[in-house]
Amino acid sequence: MRYRGIKHMIMLLATSGLAQSVIGQNVDEIKKLFPGEEVVIWKETFHVNISMKDGQPAAESKSVQELLYLSPRTASYMSQFAFYHSNLDKLGDYKAYTEPPEGKKIAVKDFKTTHNRSRSIFYDDVQETSFDFPSLIPGSIGHLEYNINYSNARLLPTHNFSRRVPVVHGELQISFPKDMVLKYIIRGNKTERVKFSSETRRGETTYTFNVENLDNDLYYPDAPSSSYYALHIIFYIESYINDNGKQVNYLSNTDDLYHFNWEFVKDINKDSGAELKHITDSLIAGVVLPREKAKRVYNWVQNNIKYVAFEEGMEGFIPRDASLVCNRRFGDCKDMSSILTIMLRQAGLQAYYTWIGTRDIPYDYTDVWLPITDNHMISAVKLDTGYTFLDGTDSQGEFGIIPEMIQGKQALVGIGENEYKIVRLPVLRKEENRYSDTTFLQLTDKGITGNIHISMTGYYATDMRYMINASNDKDREKIFRGYLNRGSNKFRLNHFEIADKKNGNDFTLTSEFDLQDYAKNIAGEHFLNLNLVRLYEHQEIDFPRRNIPIEFNFKNERNYVTILEIPEGYKVSFLPESRSFYNDVWGFEFKYEQKQNQVILKQHFENNHLLLPVDKF
């Protein structure tokens, strides 16, 4: 996957200097403006300069950031800072220093550059240069500046104005030749806060974007990636005039983006090799139906090629030859796309390299036709039912079911050098992702004992299989003890068993447990709360303060049934009322009933959203 654009949207910051005396006069005002904050970005500028070199657009940037520290506690946990660069975004000059309220600047002398290891990527060339601002006290300014040279002007970063800390003044400047056409898109919350101006002097145009006194973005664990809500500017070169005076389209529409992507695949897999051909032939021997051929190829790649994310420079864009991937038995998403596409073609099917963005990215190709819109590659095979999309990195996914991380996204299907299609992937309906939990209870002298039967379909089943395959027996038991827990902290899991089903779209789990002191016996009467699983407890929306949408992994239905066996000689003296509620956002139903010698509570919850916008809170 390619995350470079998003990473730099978040991390590239910039500012200009300010006299310390002026800052000192304003510290109290800043504390009143942003009460409770430990630090603010006092002033930041990010200046991008685009020029023509050797007949091609070239770009470099200068970032300067000044942090104003407001609290004596700040130095203990906010003195560390870092900036990021790579082979695509080469680091130039840089420096940092602390400017105290009184006295001379104190330069940072100890910079440490290491590889920025991501848990999801085995290796990439992104480097982190970190340091500590020295001698911080309230009123100190931490100053950082550095230059970046971009190896390809199509891969310019987006610029984020909003941060996790308030921004007193932020500025983005983009300078470019006046005969170049540069476009920009403003996205996120509070777009009306951005002030724009343009100036042309001596053959150069400069666009300037400013914001003032911007509140920090609040953090919520159920929020989507920051590009959905953070105030940011997307900018790109639409066209330029070459040395012959002719206008050249650069990123003017989806055609230009597709031609950029096509360059990375046009020369691969000229010879797929005898080994891969032999494997494909053996897989489809005697098979007539195209769908079955595609399924066998997909399952082989899932079971035999291990996904390992690997990025370095332009290798973050170029797939490796299928024969090399076959020989290595591992590859990243582009390599999976490469081997899947070639094997499907060897099986006589129409298969195509396909680019797509994961749900971390909120953009569509039809409105943001830039490299930042995709970070993933898959394969598309054309069958009688239309395009079937296959993601080789999804080792537990069922053939024909879209992985949850790309559902609903636009795919760019590469049919030929000048032919492509943009196809919207489907989203699984809530009924296809069903979680059913049935608990059978019996009263005991010490509390209750019971059995649990859980069945899952769709993404519930897929996610559970991922968890099982990623854990050992000891960790798995610990996971299930927490997963099956209900009622109170005295829950004790005695036994659990996973049903062995060949259908990967289903998952079944059974278990036995006891729960002491849960049912109360007072003067011969038993009191018992059948609501053992409190699904939405402590999940209130932070309304009206929250201005960030809520993200769900997938649409779903959840059903919980709790069945209590009435002991001999007892009768039910009280049942709570049944309740239900449904609207266009969500719904639930609680239904209590007695059938012969059983008391039954049925609970139904449903969610029909991938993203719940703020106006639906």
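1. Start with Ile-50. In this predicted model, Ile-50 touches Ala-58, Ala-59, Leu-156, Ile-174, Ser-175, Phe-176, Pro-177, Met-180, Leu-182 and Ile-237, leaving aside residues up to four places away in sequence.

2. Ile-50 also turns up in the largest nonpolar core, which has 49 residues. Together with Phe-133, Phe-161 and Ile-174, Ile-50 is listed there as having the most contacts inside the core.

3. Which strands feed this core? At least two residues each come from S1 (39-53), S2 (56-69), S3 (80-85), S8 (141-150), S10 (167-177), S11 (181-187), S13 (204-214) and S14 (232-241). The biggest giver is S14, with six residues.

4. Don't overlook the other core: apart from the one above lies a set of 46 residues, including Ile-468, Phe-480, Leu-530 and Leu-532.

5. Now for a helix pair. H5 (residues 274-284) and H8 (residues 333-346) have axes that come within 9 Å and cross at roughly 60°, so H5 counts as oblique to H8. The crossing of H5 past H8 is right-handed.

6. Who makes that contact? On the H5 side, the residues are Leu-276, Lys-277, Ile-279, Thr-280 and Leu-283; H8 answers with Ile-339, Ile-342, Met-343 and Gln-346. Sorted by class, the H5 contact with H8 comes out as six nonpolar, two polar and one charged residues.

Conventions. Residues are numbered from 1 along each chain as its sequence is written. This is a predicted model: local features need pLDDT of at least 70, side-chain atom pairs count only at pLDDT 80 or more; totals for chains, interfaces and linings use all residues. Side-chain values use heavy atoms; hydrogens and water are left out. Axes are lines fitted to C-alpha atoms, for helices over the stretch in contact, and angles run from 0 to 180 degrees between N-to-C directions. Helices (H or I, at least four residues) and strands (E, at least two) are DSSP runs, numbered from the N terminus. Angles under 35 degrees count as roughly parallel, over 145 as roughly antiparallel, 65 to 115 as roughly perpendicular and the rest as oblique. A crossing is left-handed if the near helix is turned anticlockwise from the far one by less than a right angle, and right-handed if clockwise. Contact means heavy atoms within 4.5 Å. Ala, Val, Leu, Ile, Met, Phe, Trp, Tyr, Cys and Pro count as nonpolar, Asp, Glu, Lys and Arg as charged, and the others, Gly among them, as polar. A nonpolar core is a set of buried Ala, Val, Leu, Ile, Met, Phe, Trp, Tyr and Cys residues joined through side-chain atoms within 4.5 Å. Buried means under 20% relative accessible area, exposed over 50%, partly exposed in between (1.4 Å probe, protein chains only).
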